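Reader: Could you take me through a close look at one part of this structure, namely its loops and the backbone geometry found in them? I would like a connected account that also says how accessible the residues are.

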Amino acid sequence: MNRLPEPMGLLIDRESPISFSFEGTAYQALKGDTIASALLANNQWLMSRSFKYHRPRGPLTMAGQDANTLVQLPSEPNVLADRYLLDNGLEVTGQNYNGSLEKDKDARLGYAGRFMPVGFYYRAFYKPMGVWDKWEPTIRKKAGLGIADLTFQPTYHDKAYLFHDVVVIGAGPAGLSAALKAANGGASVLLVDENPILGGALTYHRFDVEGKQADEWRLKLVAEVEAHDKIQVLLNATCNGWFSDNYLPIIQGNRMYKARAKQCIVASGAFEQHVVFRHNDLPGVVMSSAALRMMKWYGIKPGVQAVILTGNNDGYLAALELAGQGVIIGAVVDMRNEVCTQLKFALEEFGIKIYQSATVYEALPSANKKHIESVKIHAITAKGEVSEFGEEIPCDLLCMSAGYMPAYQLLCQAGGKLDYDDQSARFDITNLPANLHIAGSVNGVNDLEKVIKDGEMAAQRCLNALGLANEVAEPIVCSLKTNFDWPIFKHPKGKEFVDFDEDLQAKDIVNATRLGYRDIQLVKRFSTVGMGPSQGRHSALPTARLVAEATNRTVTETGVTTARPPFVPEKLAHVAGRIFSPYRRTPMHHRHIELGAKMIPAGIWRRPAFYGPQEQRDECIQAESRHVRSKVGLIDVSTLGGIEVRGPDAAEFINRLYTFAFLQQPVGKTRYAVMVNEQGVVIDDGVACRLEEDHFYVTATTTGVDAVYRSMTKWNAQWRLSVDIANVTSAFAAVNVAGPLSRKVMEKVCSDVDFSQEAFPYLACRTGSIGGAPVRLLRVGFVGELGYEIHIPSLYGEMLWDLLMEAGAEFDIKPFGVETQRLLRLEKGHIIIGQDTDGMSHPGEVSLEWAISRKKPFYVGSRSVDIVMARPQTRKLVGFKLPKGSPKPKEGHLVLANGNKADRDIRGNITSCEFSATMDAIIGMAYVGIEQKEIGSRFPIRVDGGIEVLAEVVPLPFYDPENTRQEMSV
Amino acid sequence: MIEQMVNFEVRRSLIQAMETDSDRSPSLINQTVFERAGVRGPNSLALLESIGLPVPAKPNTATVTETGELLLRLSNTECWLLSLRAGMNEKVNLLREAVQNAEGVYSLYCQYSHAQLSLTGELSLTGNNLSAIMAKVCGVDLRENAFPTGSIAQTSIARVNAIVVRHQSEEQEQFVILSDITTSEYLWEALLDAMAEFQESY
């Protein structure tokens, strides 16, 4: 393997060899290697094929900032090889090729490039009409990169919150110094970095001729940070977005942290920029920082003979570093015409030749076209123009240092504004919101000592804002120029790439502007520049420059495209992982499961629909229904809402909230309670039990109780009545024992209540005890049979169920589910609020006039009820019947106007419908037009398949209209 | 309602386990069937003081009684008294009796409306683990420095409403969590999941 001796190779463990395969060939690597570094150590530079022309591509940044190293793993496509830590035995392949990575047949597309200009697909395949449908399969087959594994098994992902005073994003010199300053000032600090070690640029960059500063500072700052108990460090972690008030999603492994920082410092650094020249995408052409990372991080010698193409001093320092590791430097090509004397002398000591005011105009490939073999150097004669003749220098490595683009993404998400400074040829970031600070090279500060100072000043601003200090934080000014103003050299033969992801050349950008797409956002959408995986990290700056020049505007006016989260690709699993979906269970839940209940959701609750297998649904419901009608059944109604109203004003309070009259309600009696809203719409119903003079227990619907409780507390905030209101839904378990034998069961379990018809009549309520636990007993008739609702403190719910099943055994008691209950109550003509009512239903429409007190002066919604019921009515909820064999309407099916016209109006809809064995017919309730409501009239229902059935309006209830069943005395 | 007439043994929690593996720390203990009582109303604080209970000075704080119960003040006029071990019922019964005929005080149903869970860790082992566990399910900073012993948060845990109290005994630190009893199985599972990575044998 190609490995340099220590101290190179900070990230690798030389004692831990591992093996892996790439494209079926076995390779050796070291623990700590990424896929890309391991391949480079085995001299495998070709890692991918480009998106459009299938050009050979190798590493560009070695930092996951480009799409050149996208590879395929067995269960994951589009993996960044220069970020993915290698596991022993990993099988890696290339992707997006036709044939093999080495011999990709689709590389021929490169020859057709001139016929596939920018916007080619939009413009070529839209006419004649229908042509796209013909081309689409072929184009889609060629589009895309990796292959998704459809047999992939989801893995565990979760989330956690983090709480810190200061979050510092980026652990380079600015981030480290900021974290230390903030922590020393008393703040709790979270330091986040995407790399596996602290230090950022200190881990690979060379800051001085001697090459000492980086390590000295790194060792000092890292040791202090690691020893500080107020600093939490997250490595291999990426802050993937900035949201209001410093809400920061941070992804580390399979976890997404959600951090809310009082103060945030972004010290995210800067992306080194490439030079635009012909064949600048050949494997072997890399950023200078990439070459340094190869050496410092992985101990890889990136080439035998290198050429450095630079527009700043960093290229010289990279040359020194490379030369120090035995790389022959063929030339340093400086696009500037001035040079730092100290650096020039340092290079001359190595015998390195320097070209000034010159550029690489073209890189030339090796015979197999898969690596750089030489460069042609031309003198720069004007902005973007070069001399006719140049000099060819052999090399297998070309390092580019055109300047830096601040890692602005998070800051622009926060509203930061990019201003281009012509003097420094770089973007500055301004207009940041309060409590968000910026430090280091992202702030345009590049001199190391100033970078460290800038971090401290940002921390000082945080401490001041936190009230932990009150010192002036002076802005740091750095005049070190790092950006060359026009590193773009168009070539008559093209292939000078602005955007490597999308194979976009300089002419593609310019042509987009000539087609009228002058706005940078339109250029992006038309050309797709910046839309690839690297999201414009390298293309944004040259694109802004090219568009500015082509449209005669400044770069500031042109700007860059919008940066949106996520900053790096984010798996859906990170967002979806460990989402909380609460569910409620009644105290008898486990008994239902043991009895084979088919559980269904009812809002957030889980309830038994019926007891038996799903495929026998109809049989189970009919059998349970017959059982309740003939013997005795029990149903868990614990989900029913329960609200306690206690206090001297309890009756007055209930009287104001519900439509009926409650002031004179006797203790020991229940009364039907209908609630309407201020618009007069029926929103809930229940039973108000007066347990004592100043104590009401009111039931509410399963899904409505929370809103009822909120409404009660809201109204009493205005009324200030002397009551205590408590939502006790969860405090009580409840069971409805119903059927002609229910009284016998009750008498067995509850000895301290007289269950005779005289002592405990219909609509009465009593208190007593069952199994030693206190109970509230309500005589109800919801399902149309003799029945008792038992409300018991929840911890005794299961005990109650067991006692009832045991006591009821001799009467053949059986449980029934909520679907059976719906059928039974339908037979009895009882409405369910929310099912048989909608957002417009007033009491008159659903025949609840009897439940409204006309004598009392006020109840919530009374004025609206008077108004809506005085208006001409347009619809009515009626009972209907269909013959047994008729197609069965479903809830929601439409009721149409009578007549034969094809375009008849919709007059209403079905709200409930079921086959009733008791009635031996299909029965239901529906809203019909007011002209259709008369008993005996018929109305059409459009059922599945567009079939119409004619239903007959019948009186409600369907079952036991004389109410003899629920009043039975034996 | 006269709760004390009922035999403690017949109370059944929806959560079927009483505790997670007790040989590991942190552990989760189901205290739902333990005694607790709540009062609310304009005279509730005076009533508590009249029976010698140490009423917390301000809402969202808790005190410990001389016999070890936890007294939670949840608002200006509402307090809950929690037993932290089975059979600890003297003070709770005292309160229940006192509230029977008190004016301006309403007894609450927290014995039955809420599950009581205790996330407990050995002080010598847990470090910040309990807070880290809670940070996986709760958006409130429950670390010791921000949420010292005796603090109460009425918040959301794993998307269900909950009351969280930080408590510390001689050897253990704990979060007592009170949450709707009907979602208690769900919350139990969510907490076990959050705890898994931190559990260690001792």
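Author: What follows treats one buried loop residue and then the unusual backbone geometry in other loops. The model is predicted, and the description should be read with that in mind. In chain A, the loop between α3 (131-142) and β8 (158-169) holds H157(A), which counts as buried because its relative accessibility is 7%, below the 20% cut-off. A polar atom of the H157(A) side chain lies 3.1 Å from the backbone oxygen of T155(A), and, leaving aside residues up to four places away in sequence, H157(A) touches N254(A), A573(A), H574(A), G577(A) and R578(A).

Turning to the peptide bonds and phi angles, the background is that most peptide bonds are trans and most residues other than glycine have a negative phi. The bond joining K127(A) and P128(A) is cis, with omega about 0°, and P128(A) sits in the loop between α2 (120-124) and α3 of chain A. The bond from P565(A) to P566(A) is also cis, with omega near 0°, and P566(A) belongs to the loop between α14 (555-558) and α15 (572-576).

A positive phi, near 65°, is found at N431(A), in the loop between β25 (426-430) and β26 (436-438), where N431(A) is exposed, with a relative accessible area of 54%. Q535(A) has a positive phi near 50° and lies in the loop between α12 (520-527) and α13 (540-550); with a relative accessible area of 39%, Q535(A) is partly exposed.

Technical notes. Residues numbered from 1 in each chain as written. Chains lettered and ligands numbered in written order. Predicted model: local features only at pLDDT ≥ 70, side-chain atom pairs only at ≥ 80, totals over all residues. Heavy atoms only, no water. Helix = DSSP H or I, 4+ residues; strand = E, 2+ residues; numbered from the N terminus. Buried < 20%, exposed > 50% of the residue type's maximum accessible area, 1.4 Å probe, protein only. Polar contact = N/O pair within 3.5 Å; in protein donor to acceptor, adjacent residues only side chain to side chain. Contact = heavy atoms within 4.5 Å.
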